[in-house]
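Trainee: Could you take me through one chain of this model up close, and then show me how its copies relate to it? I'd like one connected walk-through rather than a list.

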Protein chains: 4
Amino acid sequence: MRKIIIGVMGPGDRTTASDLAYAYELGQLIAQQGWVLLTGGRNVGVMDAASKGAKEANGLTIGILPKNDRNSISEGVDIAIFTDMGNARNNINVLSSDIVIVCGMSTGTASEVALALRSNKKVILLNNTEESKAFFTSLSKDNVFIVTNPREAILTAKEIGDFA
Amino acid sequence: MRKIIIGVMGPGDRTTASDLAYAYELGQLIAQQGWVLLTGGRNVGVMDAASKGAKEANGLTIGILPKNDRNSISEGVDIAIFTDMGNARNNINVLSSDIVIVCGMSTGTASEVALALRSNKKVILLNNTEESKAFFTSLSKDNVFIVTNPREAILTAKEIGDFA
Amino acid sequence: MRKIIIGVMGPGDRTTASDLAYAYELGQLIAQQGWVLLTGGRNVGVMDAASKGAKEANGLTIGILPKNDRNSISEGVDIAIFTDMGNARNNINVLSSDIVIVCGMSTGTASEVALALRSNKKVILLNNTEESKAFFTSLSKDNVFIVTNPREAILTAKEIGDFA
Amino acid sequence: MRKIIIGVMGPGDRTTASDLAYAYELGQLIAQQGWVLLTGGRNVGVMDAASKGAKEANGLTIGILPKNDRNSISEGVDIAIFTDMGNARNNINVLSSDIVIVCGMSTGTASEVALALRSNKKVILLNNTEESKAFFTSLSKDNVFIVTNPREAILTAKEIGDFA
């Protein structure tokens, strides 16, 4: 039986300290729920922090990597999926996540939010700018949820998720 | 020798009348410059209007289709590329365009702008909301250009394009 | 730390009884080694049988699905990755497998063997025709291994695998 | 109105002299029919030779490139499509071709033949080994056509093509 997968997406570089701290805590909390964590899998930024947080809490972690390169995988990733399709893999990230939690913002992350909304996925925005919150809410009133800390993100995920 | 390709991206459905009129004119003007037009290739919305505009001006048109379906191609498309990779094809759209001109906004279009900026492509925004202009400018000061009509889009493309 | 992933690939339809029996046994044996099983994830043919075999032996199973469709997943799949990229996902299947074991043959399976060899992956052929064995050996003497039963496939995987 | 596209696929490296001579002639003959040529777009092997042949005969040429790299495009390519998806782009090559003509054989080419047959495309094999002809015929009696020179390939394409 398919396990519940929660995606955590955010910047790989130019992350803020709070992006990384929140991502680590998100990873922990997701693991504590018994959910599988999915990220972009690289050994940088939000994906790395979330994966390490989930492992600290004994979770299972999936990394969907943009290249076919075994040297850029986060140590926190259990299952590495090598796509070799660059940023087009962002669509796989969001399609494979039951819910997408976004922590911070960047051009790559913005593509993930947009692709998620394009496929009617629910997206939870944490640590986002006013511009980002205003824009994505204008694109989709119904599928964008704004939270202020990782615990609220998890509570929101449980509320909006279609987890039997 | 590789020809210059200009991408026109915009909503497939829920387009406004001005989105469609501008897209048609963009197609015409791109063809008149001797540039090749690239769109998402379907027979709806901005991609359809731009392709028909380019054909009216005897241009060459490429459509990068999301599915492997010969019944949803715009009549204005000369060269249909069938990707069968859904919205992940949006990355191909922007990588294959020397410059991306965006006309209107939607979730799919937002993913194209974000993916273009992720790969350091220059993006010209036409007929966009304040939220969209503010957000994408916040993501990339240097690669986002805002214009108010199709002629200005073409002038901007010529100015910023790296066309020998 | 990344886990070892063994891919089992084979026909989805027009399978023989021995294809299915071997696939089930391969799934069991892979799980017993502590390896993760990766398949194409659908609820048919070799991918379904291998996934169910691995679950029977308490293994962990990944399915890389061609569409974004939650109704066609094998019951034996724990982690469903939705690519929505049709048969192009076959490249992800092989890139993400440390070793590819092929059980039976079809057009889709042939593409996986060819893509695996293209990326210098080692491929173990089980239950293949003379034409298949002759062709793939002619393409790559060094990376094609021919076995006659599932136990031999596992022994070969252990011998040729680069598992520390 | 969509133009007819004929794909020519074959090895990028380790080509034989006859692979290259046949590929060049195929490009010329395809252009003379008024068909568009589609190849893998790189500046090596069969794709390069076919593209140059088509340009010598004033044809239109498309190259579907595996990377996002402007330095590896064949001089014979008019329209460069940058997929940045590695060998997964082979599926786009075959889906976008009305008929696939294969000239020579390699692991990448084998994946294209298999993916073409997987999607019920007709494939014409030129300059192939006995192993290749035997294997692909065993996979699909109805969609594999074996020819002995470029002119026969074109005659066969006209006969089996669904070109109104």
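Mentor: Chain A exposes about 6,000 Å² in this predicted model, and carbon and sulfur atoms supply 43% of that area. As for charge, chain A carries 16 positive and 17 negative side chains. The centres of those two sets sit 4 Å apart.

Now go from the surface to the inside. Of the 164 residues in chain A, 63% are buried, taking buried as under 20% relative accessible area. The contacts tell you about the wiring of the chain: take those in chain A between residues at least 6 apart in sequence, and 58% of them join residues at least 24 apart.

What is the chain built from? Six helices and seven strands make up the secondary structure of chain A. Follow the sequence along and you read β-α-β-α-β-β-α-β-α-β-α-β-α. With a radius of gyration of 14 Å, close to the 15 Å that the globule rule gives for 164 residues, chain A is as compact as a globular protein of that length. If you prefer a box, the C-alpha atoms of chain A fill one of roughly 40 × 35 × 30 Å along the principal axes.

On to the copies. A turn of 180° with a shift of 0.0 Å along the axis lays chain A on chain B, at an RMSD of 0.0 Å. That is the relation of a two-fold axis. The same surface serves both copies here, since 100% of the contact residues of chain A recur in chain B. Chain C comes next: chain A can be laid on it by a turn of 180° and a shift of 0.0 Å along the axis, again with an RMSD of 0.0 Å. All the interface residues of chain A, 100%, are also interface residues in chain C, so these copies meet through the same surface.

To finish, zoom in on one residue in chain B. Where does Ser51(B) sit? Look in helix H2 of chain B, which covers residues 45-56. Is Ser51(B) buried or exposed? Its relative accessibility is 0%, so Ser51(B) counts as buried. As for the company it keeps, set aside the neighbours within four places in sequence, and Ser51(B) is in contact with Leu37(B), Thr39(B), Thr61(B), Ser74(B), Gly76(B) and Val77(B). Pull up that spot in the viewer and you'll have Ser51(B) in helix H2, with partners such as Leu37(B) and Val77(B) in contact with it.

How values were computed: Residues are numbered from 1 along each chain as its sequence is written. Chains are lettered from A and ligands numbered from 1 in the order in which they are written. This is a predicted model: local features need pLDDT of at least 70, side-chain atom pairs count only at pLDDT 80 or more; totals for chains, interfaces and linings use all residues. Side-chain values use heavy atoms; hydrogens and water are left out. Copies are superposed by least squares on the C-alpha atoms of residues with pLDDT of at least 70 in both. Contact means heavy atoms within 4.5 Å. Helices (H or I, at least four residues) and strands (E, at least two) are DSSP runs, numbered from the N terminus. The radius of gyration is taken over C-alpha atoms; the globule rule is 2.2 Å times the number of residues to the power 0.38. Buried means under 20% relative accessible area, exposed over 50%, partly exposed in between (1.4 Å probe, protein chains only). Accessible areas come from the Shrake-Rupley method with a 1.4 Å probe; for residues, only the protein chains shown count as cover. Lys and Arg count as positive and Asp and Glu as negative; His and the chain ends are not counted. The place of a charge is taken as NZ of Lys, CZ of Arg, CG of Asp or CD of Glu.
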